[in-house]
Structure formats: C-alpha cells, structure tokens
Amino acid sequence: MTPEERLNNALKSIRWLVMDVDGVLTDGKLYFDNSGNELKTFNSLDGHGIKMLQKSGVHVAIVTGRRSSVVERRAHDLGVSKLIQGREDKFDALQELLADAPCRLEDIAYIGDDYPDLLVMTRVGCPIAPPNAAQLVREHALWITDARGGEGAVREACDRIMQAQGTFAAALAPYLGEK
C-alpha cells in the first residue's frame, strides 16, 4: 500500500479531529502586550474548515498545554465544545474527552507540532503535523500538511478528511449555489 493509500484509508474512519493550539491553530509565536495580556492570531480558513468538518459529522476537540481565554473564546466561536487547556499530558486529556464520547484511537486524527504531542500522535490512527513542527514530530506523522500552523494547516486537514469520507462535495454545495 502506498503512503497516499494508507493516509486515505486512515482518514476514511476519522470520527474525531483533535488538535493542539500553538504551532497548529496559530503560528506558534507567543505575543504579549505591555499589560501582560496574551494575544494570538488565528486563521479564518482554519475556522471555517472546522465548522464544515463538524457539520459533516466529525467531532472536533482542542487539547493544549497552555491556558488562554483567547483560546476559550476561539473554541466557543467555532462551536468546539471539547476544550482542555493547561494539560501537558495530552494523552490523559484525550482519554478524558473520550470518556464522554467513546471512540477507538484508530478513528482519531491528531494535529500536533511539538514533543508534548508525541504520546498522542503515536497512539491515534492518523497523526498529522504541519511543516513547522519539530523534526521528531514530523517523523511520527502519517501526513505533513503543505500549509504551516496558523496558515491553513487545519483547513487542509479538514478538507482532506471530508474528501476521504466523501462529504466534501456536499459541504461545498451551498457555496456553489447547489442544494
């Protein structure tokens, strides 16, 4: 089986897309103003991809090692109700998420970019990394997106999941004036 076939087979069974924040939903840089407030920039393409993926029936969750009210707001705006912050042990956090909605690890795609993501990435069915991820993380990824974290990597993953599952055309139909 070619790497492309292996990836498509993995994506067909995805029921959950779980992702890190810094370096995945953002460019990985930490911004602070003079008052100590944390600032983050998010890509609107990623956000719309997340919304489309959820409408297609795939659940979305965010697991991050940092705590940020900005991330909480972004998750809320996107309708992502499964958010765990301030957790370095992301595999334990993932198991907490799955306690409410059981799912096989093989049916999970996870997008990560740094060492705290490795434990999850080595256990799920479809580990994904953006090209700006740490080298070791890229080595453990089934797929490396073309787009960098914070620059559309999540959108690319969402589109690719829907394409593999045959739901992409229906997700695009409203934007093409189709019913």
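Me: How many aromatic pairs does the structure hold?

Reply: This is a predicted model, and the structure holds zero aromatic pairs. Rings can still have other partners, so let's look at those next.

Me: Which charged end sits over the ring of Phe91?

Reply: For this feature, look for a charged side chain placed over the face of a ring. Here the partner of Phe91 is Arg123, with its charged end 5.4 Å from the ring centre. There is another case at Trp143: Arg160 lies over its face, 5.3 Å from the centre of the ring.

Me: Now the helices, please. At roughly what angle do the axes of H2 and H7 cross?

Reply: Picture each helix as a line, then ask about the angle and the distance. Helix H2 covers residues 44-55 and helix H7 covers residues 153-165; their axes cross at roughly 25° and come within 7 Å. Angles under 35 degrees count as roughly parallel, so H2 and H7 are roughly parallel to each other. Their crossing is left-handed.

Me: Which residues of H2 and H7 make the contact?

Reply: On the H2 side you will find Leu45, Asp46, His48, Gly49, Ile50, Met52 and Leu53, while H7 brings Ala153, Val154, Arg155, Cys158, Ile161 and Met162. Sorted by class, this contact has nine nonpolar, two polar and two charged residues.

Me: How is H1 oriented to H7, roughly parallel or roughly perpendicular?

Reply: Start from the angle again. Helix H1, residues 3-12, crosses H7 at roughly 85°, and the two axes come within 8 Å. H1 is therefore roughly perpendicular to H7. Glu4, Leu7, Asn8, Leu11 and Lys12 of H1 meet Arg160, Ile161, Ala164 and Gln165 of H7. In this contact, four residues are nonpolar, two are polar and three are charged. You have already met Arg160, the residue over the face of Trp143.

Me: What about H2 and H3: at what angle do they pack?

Reply: H2 packs with helix H3, residues 69-78, at an angle of about 45°, and their axes are 10 Å apart. H2 and H3 are therefore oblique to each other. From H2 come Ser44, Gly47, Ile50, Lys51 and Gln54, and from H3 come Arg74, Asp77 and Leu78. The class count for H2 with H3 is two nonpolar, three polar and three charged residues. Try finding Ile50 of H2 on the model: it takes part in the contact with H7 and in the contact with H3.

Terms used
Residues are numbered from 1 along each chain as its sequence is written. This is a predicted model: local features need pLDDT of at least 70, side-chain atom pairs count only at pLDDT 80 or more; totals for chains, interfaces and linings use all residues. Side-chain values use heavy atoms; hydrogens and water are left out. Axes are lines fitted to C-alpha atoms, for helices over the stretch in contact, and angles run from 0 to 180 degrees between N-to-C directions. Helices (H or I, at least four residues) and strands (E, at least two) are DSSP runs, numbered from the N terminus. Angles under 35 degrees count as roughly parallel, over 145 as roughly antiparallel, 65 to 115 as roughly perpendicular and the rest as oblique. A crossing is left-handed if the near helix is turned anticlockwise from the far one by less than a right angle, and right-handed if clockwise. Contact means heavy atoms within 4.5 Å. Ala, Val, Leu, Ile, Met, Phe, Trp, Tyr, Cys and Pro count as nonpolar, Asp, Glu, Lys and Arg as charged, and the others, Gly among them, as polar. Rings of Phe, Tyr and Trp (its six-membered ring) pair if their centres lie within 6.5 Å; planes under 30 degrees apart count as stacked, over 60 as edge-to-face and the rest as tilted. A charge sits over a ring if NZ of Lys or CZ of Arg is within 6 Å of the ring centre and within 35 degrees of the ring normal.
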